[in-house]
Amino acid sequence: MKKLTNLITIVMIAITMLQCKKSEATNTANDNSAKTSQKHSEEKENHKHDEKDDLKYVSKEIKVTGDVLTPLTLTVDSLKKMKVVELKDFKIVCQKGLTKDSVESTKGVLLTDILEKAKIAQQEHKDRNFYIVARASDDYKATFSWAELFNNPTGEKVFVLFEQNGKPLKEKGEMILVSMTDAKTGPRHVKWLKSIEVTRVK
């Protein structure tokens with residue numbers, strides 16, 4: 001009987017040790033998964049990736065969709081056929097106030113010109129409750145209201161750019177969006193721009 005009791009005790013200890021190891025392994029896997037998820041979330045929020053990954057986010061066209069009468073598919077060539085504006089001495093300033101990039105010369109088209117070409121689906125002239133989302137291929141987003149673009153000086157300085165310092169954009173995507181009058185231009189600096197989405201406020 002004593003031998004049987006000792007055997008049962010040994011088996012119970014072994015089972016307990018196996019359960020502890022399994023629990024530790026599960027916790028480690030969960031921690032690793034959480035860290036990976038957090039990393040991806042931070043990358044999306046910060047709109048920043050490793051240089052080797054930049055090219056996979058490049059989009060060669062922009063879709064203008066949502067509450068518009070004429071959905072558009074824009075490329076660099078189609079932007080060049082619109083009213084192109086050349087801009088000088090533009091800085092990208094992050095939320096912390098640090099200058100991340102300094103651009104001597106860049107060319108692009110006003111976002112309002114693009115939206116007027118797509119024709120926002122206003123039912124009458126007082127129908128102004130829309131918001132516009134500029135979305136990147138990594139799902140980074142910048143948002144504007146109709147009033148901010150069409151009834152505010154901000155709208156005169158929001159551009160979709162396709163050239164920088166005399167050269168086509170490459171690693172930042174073929175087209176990017178900037179809002180030049182923002183105190184901190186970085187948060188609404190959308191690289192790898194892939195869509196402009198118009199939505200009526202409901």
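**Exercises on a predicted chain**

P168 has its place in strand β8, where helices (DSSP H or I runs of at least four residues) and strands (E runs of at least two) are numbered from the N terminus. The model is predicted, so that local features are given only at a pLDDT of at least 70 and side-chain atom pairs only at pLDDT 80 or more, while totals for chains, interfaces and linings use all residues. Residues are numbered from 1 along each chain as its sequence is written, and side-chain values use heavy atoms, with hydrogens and water left out.

**Exercise 1. Determine whether P168 is buried or exposed, and find how far its C-alpha atom lies from that of V76.**

Step 1. The classes rest on relative accessible area, with buried under 20%, exposed over 50% and partly exposed in between, computed with a 1.4 Å probe on protein chains only. P168 has a relative accessible area of 58%, and therefore counts as exposed.

Step 2. P168 and V76 are 92 residues apart along the chain, yet their C-alpha atoms are separated by 9.1 Å.

**Exercise 2. State where in the protein chain the pLDDT is lowest by element, and which segments stay under 50.**

Step 1. Take the chain as a whole: pLDDT, the predictor's confidence in each residue from 0 to 100, averages 81, and 73% of the residues score at least 70. The chain holds five helices and ten strands.

Step 2. Among these elements, helix α1 (residues 2-46) has the lowest mean pLDDT, 50, whereas α4 has the highest, 98.

Step 3. Over residues 25-30 the pLDDT stays under 50, and the model gives this segment zero contacts (heavy atoms within 4.5 Å) beyond four places in sequence. Residues 32-45 also stay under 50, with six such contacts. Where pLDDT is low, the predicted coordinates should not be read in detail.

**Exercise 3. Describe the surroundings of S105, T185 and K141, using accessibility and contacts.**

Step 1. S105 lies in strand β4 and is buried, because its relative accessible area is 14%. Its contacts, leaving aside neighbours within four places in sequence, are with E86, L87, K88, E163, Q164 and N165. The side chains of S105 and E86 are joined by a polar contact of 2.8 Å; such a contact is a pair of N or O atoms within 3.5 Å, of which, within protein, one must be able to donate a hydrogen and the other to accept it, and residues adjacent in sequence count only if both atoms are side-chain atoms.

Step 2. T185 is found in the loop between β9 and β10 (193-200), and at a relative accessible area of 5% T185 is likewise buried. Not counting residues up to four places away in sequence, T185 touches F90, K91, I92, V93, S179 and M180.

Step 3. K141 lies in strand β6 (residues 141-145) and, at 39% relative accessibility, counts as partly exposed. Beyond four places in sequence, K141 is in contact with V133, A134 and R135, and the K141 side chain reaches the backbone oxygen of D139 at 3.1 Å. K141 and K191, 50 residues apart in sequence, are 9.7 Å apart from C-alpha to C-alpha.

**Exercise 4. Find the phi values of K119 and N165, and give the loop in which each residue lies.**

Step 1. Most residues other than glycine have a negative phi.

Step 2. The phi of K119 is near 65°, a positive value; K119 lies in the loop between α4 (111-118) and β5 (130-136) and is partly exposed at 47% relative accessibility.

Step 3. The phi of N165 is near 50°, again positive; N165 lies in the loop between β7 and β8 (167-168) and is partly exposed at 36%.

**Exercise 5. Give the volume of the largest cavity, and say which residues line this cavity.**

Step 1. A cavity is a set of points, on a 1 Å grid over the protein atoms alone, where a 1.4 Å probe fits but cannot get out, and lining residues have an atom within 4 Å of a point. Points are joined across faces, edges and corners, and the volume is the space filled by probe spheres set on them.

Step 2. One cavity of 30 Å³ or more is counted, and the volume of the largest is about 40 Å³.

Step 3. The lining consists of F90, I92, D101, V103, T106, L161, Q164, K172, I176, V178 and H189. The elements giving two or more residues to this lining are β3 (85-93), β4 (99-110), β7 (158-164) and β9 (176-179), with β4 supplying the largest share, three residues.

Conventions. 1 Å grid on protein atoms, 1.4 Å probe; cavity = no way out; pocket = protein on both sides within 12 Å on 5 of 7 lines; lining within 4 Å.
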